[in-house]
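Welcome! Take a moment to turn the structure around and look at it from a few sides before reading on.

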Amino acid sequence: MMAALSPPTLSSFPDSLLLQILVWLPPRDRVGVARVCKRWHRLVRDNFLWRHISSKILWHLLRNYFQGSLWTLKLRGSLLSFRKQEVLTSALMQALGKLCPKLQQLSLMELDLRSFQYGCMPSSLTSLELRCCEIPFVWFQVPDTSCSFPRIQQLAIWNVPAFSNQHLLNIATQSTLKTLILSEVYRITDVGIQAVAPHLKDLQHLALCHCSIGDSAMHFVGRHLKQLNHLDLRSNSLTDVGLLCLSGLPILESLCLKDCNQLSPETILIVCQSFPSLKHLDLSRIDFEDKIFQKIQLGLPICTVANTIPCTDSSAVS
């Protein structure tokens with residue numbers, strides 16, 4: 001009976017409640033409690049505790065706690081709010097490059113980068129994601145060829161209005177891209193894909209979603225991008241002519257044609273049968289009758305055909 005009436009201890013609280021308590025601590029104390037036990041060390045690494053920090057706090061954490069141990073950094077600004085704050089500066093990014101030589105993945109969201117110099121990016125970066133950011137019209141350029149700059153292998157651009165054909169060409173000629181995701185980037189056109197395709201011969205994952213991409217771009221994708229194993233073309237003005245240009249990609253395993261309503265089932269089947277390694281085909285939200293989907297599935301016996309759910313690939317565009 002006495003044990004039942006004893007007051008609860010912190011160790012008996014669920015993780016969700018402990019996180020609500022820890023979030024009220026100053027950053028220095030949050031980092032300090034990580035030494036209490038393995039559970040608290042795991043909780044301190046939870047993204048919930050670090051959702052809202054100023055650039056001053058970020059400087060403090062960088063200088064005192066994250067040196068040499070930071071691999072991934074995600075920064076969200078206030079571009080879409082009335083209260084705009086400067087989160088990222090060239091000086092901060094240069095410090096990241098010096099103090100965190102292992103930093104490989106950088107995700108920037110809702111930030112105004114128009115006064116930010118791309119040459120300040122840490123040379124260790126291999127993955128860069130921009131979401132809802134403002135960028136300069138001239139970017140991804142490093143004027144001094146003798147200086148170090150990132151060799152980006154994974155690039156994801158989501159709803160960045162200024163991102164253009166020239167931006168894409170700049171980064172493709174400086175790096176060896178393995179993954180390229182472009183979503184709601186309306187300045188990328190067929191002409192841009194034509195110019196950049198010869199520089200993307202090592203590309204494995206390509207997503208062109210909600211972009212101004214048509215049939216002529218597919219000719220250059222099919223001609224140059226022979227290492228593709230995942231291709232996402234949802235919500236583009238793709239027709240049978242463009243899809244036929246993709247025939248014969250030797251190691252393509254996953255193809256997403258979600259919302260591509262101008263395609264005929266006959267062409268889809270012919271093209272997909274030309275992919276010897278195809279394992280997943282997404283035809284979600286295409287207005288075909290059930291018997292049409294069944295016919296396509298029968299014609300692709302080793303491939304899973306989805307017609308109601310989005311792509312299952314975690315790195316695909318949602």
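## A start at the surface

Let us begin with Ile-21, which has a relative accessible area of 39% and so counts as partly exposed, since that value falls between the 20% limit for buried and the 50% limit for exposed. You can find Ile-21 in helix 2, which covers residues 15–22.

Ile-21 also has company: together with Leu-10 and Leu-17 it makes a nonpolar surface patch of about 230 Å². Please keep in mind that this is a predicted model.

## The chain as a whole

Stepping back, how many helices and strands does the protein chain have? There are twelve helices and ten strands. The chain has 318 residues, and 47% of them are buried.

What about contacts along the sequence? Among the contacts in the protein chain with a separation of 6 or more, 67% are between residues 24 or more positions apart. As for the outside, the accessible surface of the chain comes to about 16600 Å², and carbon and sulfur atoms account for 54% of that.

## Two residues with a positive phi

Next, look at two loop residues. Phe-140 is not a glycine, yet it has a positive phi of about 60°. Its place is the loop that runs between strand 3 (127–131) and strand 4 (154–158). Is Phe-140 buried or exposed? With a relative accessible area of 0%, Phe-140 is buried, because buried means under 20%.

Glu-184 is another residue that is not a glycine but has a positive phi, here about 55°. You will find Glu-184 in the loop between strand 5 (179–183) and helix 8 (190–196). Its relative accessibility is 33%, so Glu-184 counts as partly exposed.

## A buried threonine in a helix

Our last stop is Thr-267, which sits in helix 11, made of residues 265–273. The relative accessible area of Thr-267 is 10%, so this residue is buried.

Which residues does Thr-267 touch, if its neighbours within four places in sequence are left aside? Thr-267 is in contact with Asp-240, Leu-243 and Leu-244.

## Looking back

To recap the places visited, Ile-21 is partly exposed and shares a nonpolar patch with Leu-10 and Leu-17. Phe-140 is buried, while Glu-184 is partly exposed, and each has a positive phi, about 60° for Phe-140 and about 55° for Glu-184. Thr-267, in helix 11, is buried.

Key
Residues are numbered from 1 along each chain as its sequence is written. This is a predicted model: local features need pLDDT of at least 70, side-chain atom pairs count only at pLDDT 80 or more; totals for chains, interfaces and linings use all residues. Side-chain values use heavy atoms; hydrogens and water are left out. Helices (H or I, at least four residues) and strands (E, at least two) are DSSP runs, numbered from the N terminus. Buried means under 20% relative accessible area, exposed over 50%, partly exposed in between (1.4 Å probe, protein chains only). Contact means heavy atoms within 4.5 Å. Accessible areas come from the Shrake-Rupley method with a 1.4 Å probe; for residues, only the protein chains shown count as cover. Patches are made of residues with over 30% relative accessible area and no salt bridge: like charges are joined within 9 Å, nonpolar side chains (Val, Leu, Ile, Met, Phe, Trp, Tyr) within 5 Å. A salt bridge is a side-chain nitrogen of Lys or Arg within 4 Å of a carboxyl oxygen of Asp or Glu.
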